[in-house]
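Reader: Please take me through one part of this protein slowly, beginning at a loop and going on to the strands and the packing around them. I would like a connected account that I can follow with the model open beside me.

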Amino acid sequence: MFSKPYIDVDVGEQEQFKIILDIADTAESIRGDRLKTIKVSAGVIIDKDKVLITRRASKENFAGGWEFPGGKLESCETPQECVARELKEELNIDVAVGDFCTEVTHNYEAFSVNLIAYYCTMVKGEISLSVLDGYKWIKIKDLLEYDLLPADVPIAEKVVEDYK
């Protein structure tokens, strides 16, 4: 946004100009910090060579976008507890939360999301949607062909890499 051109002026004016540029740099660097950060956990549910993705309902933000299921962390829970709770609420399934997959921070226009993903295994229940309007078991190798939400793309890349 701002560049730092060299201007040949006397020391007083040059120092004033440097201060103005430093203020502009500071304002630019904290712009992202002013976005509200939402902490979210997601489950990467693998079954053999397939992975589960879910589609956001029409009444939700990012309607129609594909994502790894999960939701917002509550203040009293760990990311792993959040994944288990959210998958029970959204999909009516119990999962075993396994290894850490990856963590992504993505700035959307109105907020920032800190998304922590864990590999999960479905242990009980049949998928029944509550707030989502679709789901698919897709081949891991085809994962990046779907219109995933921007914060979910780096997770998908990691999953594809891990399951090559």
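**From a loop into the core**

Author: N92 sits in the loop that links α2 (79-91) to β5. Everything said here rests on a predicted model. N92 has a phi near 60°, a positive value in a residue that is not glycine. This deserves a second look because most residues other than glycine have a negative phi. As for its surroundings, N92 counts as partly exposed, with a relative accessibility of 38%. K48 also has a positive phi, of about 60°, and is likewise not a glycine. K48 belongs to the loop between β1 and β2, and with a relative accessible area of 74% it is exposed, since the cut-off for that class is over 50%.

To place these loops in the whole, it helps to have the order of the elements in mind. The protein comes to 3 helices and 7 strands, and from the N terminus on they run α-β-β-β-β-α-β-β-β-α. Buried residues make up 38% of its 164 residues. Among contacts with a separation of 6 or more, 65% are between residues 24 or more positions apart.

The strand that follows the loop of N92 is a good place to go next. G98 lies in strand β5 and is partly exposed, at a relative accessible area of 38%. Beyond its neighbours up to four places away in sequence, G98 touches Y118, Y119 and C120. T102 is also found in β5, but T102 is buried, because its relative accessible area of 16% falls under the 20% cut-off. Setting aside residues up to four places away in sequence, T102 touches L115, I116, A117, I155 and K158.

From G98 one can step across to β1. The C-alpha atoms of G98 and I45 are 9.8 Å apart in space, with their positions 53 residues apart in sequence. I45 lies in strand β1 and is buried, at 0% relative accessibility. Its C-alpha atom is separated by 6.0 Å from that of Y119, although I45 and Y119 are 74 residues apart along the chain. Leaving aside neighbours within four places in sequence, the contacts of I45 are K50, V51, L52, L87, I93, V95, C120, M122 and W137.

One of those contacts, C120, raises a question about bonding: how many disulfides are there? The count is 0. A disulfide calls for two cysteine sulfur atoms within 2.5 Å, whereas the sulfur of C120 is 9.8 Å from the closest cysteine sulfur, in C101, and is therefore too far for a bond. C120 is itself buried, with a relative accessible area of 3%, and another cysteine, C82, is buried at 0%.

The packing comes next. In soluble globular proteins, nonpolar side chains tend to be buried together. In this model the largest nonpolar core has 27 residues, of which V44, V51, F68, L143, I155 and V159 touch the most other members. The elements giving two or more residues to this core are β1 (36-47), β2 (50-56), β5 (94-107), β6 (111-124) and α3 (153-162). A second core, separate from this one, has 12 residues and includes V83, L87, V95 and I127. L87 and V95 are also among the contacts of I45. Back in the largest core, L143 shows how one member is surrounded: beyond neighbours within four places in sequence, L143 is in contact with V51, I53, F68, I138, L148, A156, V159 and V160.

Lastly, β1 leads to open space as well as to the core. The largest pocket holds about 540 Å³ of space. Of the 26 residues lining this pocket, V40, R56, E67, G71 and K72 are the closest to its centre. The elements that give two or more residues to the lining are β1, β4 (70-72), α2 and β6, and β1 gives the most, with 4 residues. By type, the lining divides into 14 nonpolar, 4 polar and 8 charged residues. Strand β1 thus holds the buried I45, contributes to the largest nonpolar core and also lines the largest pocket.

Conventions. Residues are numbered from 1 along each chain as its sequence is written. This is a predicted model: local features need pLDDT of at least 70, side-chain atom pairs count only at pLDDT 80 or more; totals for chains, interfaces and linings use all residues. Side-chain values use heavy atoms; hydrogens and water are left out. Buried means under 20% relative accessible area, exposed over 50%, partly exposed in between (1.4 Å probe, protein chains only). A nonpolar core is a set of buried Ala, Val, Leu, Ile, Met, Phe, Trp, Tyr and Cys residues joined through side-chain atoms within 4.5 Å. Contact means heavy atoms within 4.5 Å. On a 1 Å grid over the protein atoms alone, a cavity is a set of points where a 1.4 Å probe fits but cannot get out, and a pocket is an open set with protein on both sides within 12 Å along at least five of seven lines; lining residues have an atom within 4 Å of a point. Grid points are joined across faces, edges and corners, and a volume is the space filled by probe spheres set on the points. Ala, Val, Leu, Ile, Met, Phe, Trp, Tyr, Cys and Pro count as nonpolar, Asp, Glu, Lys and Arg as charged, and the others, Gly among them, as polar.
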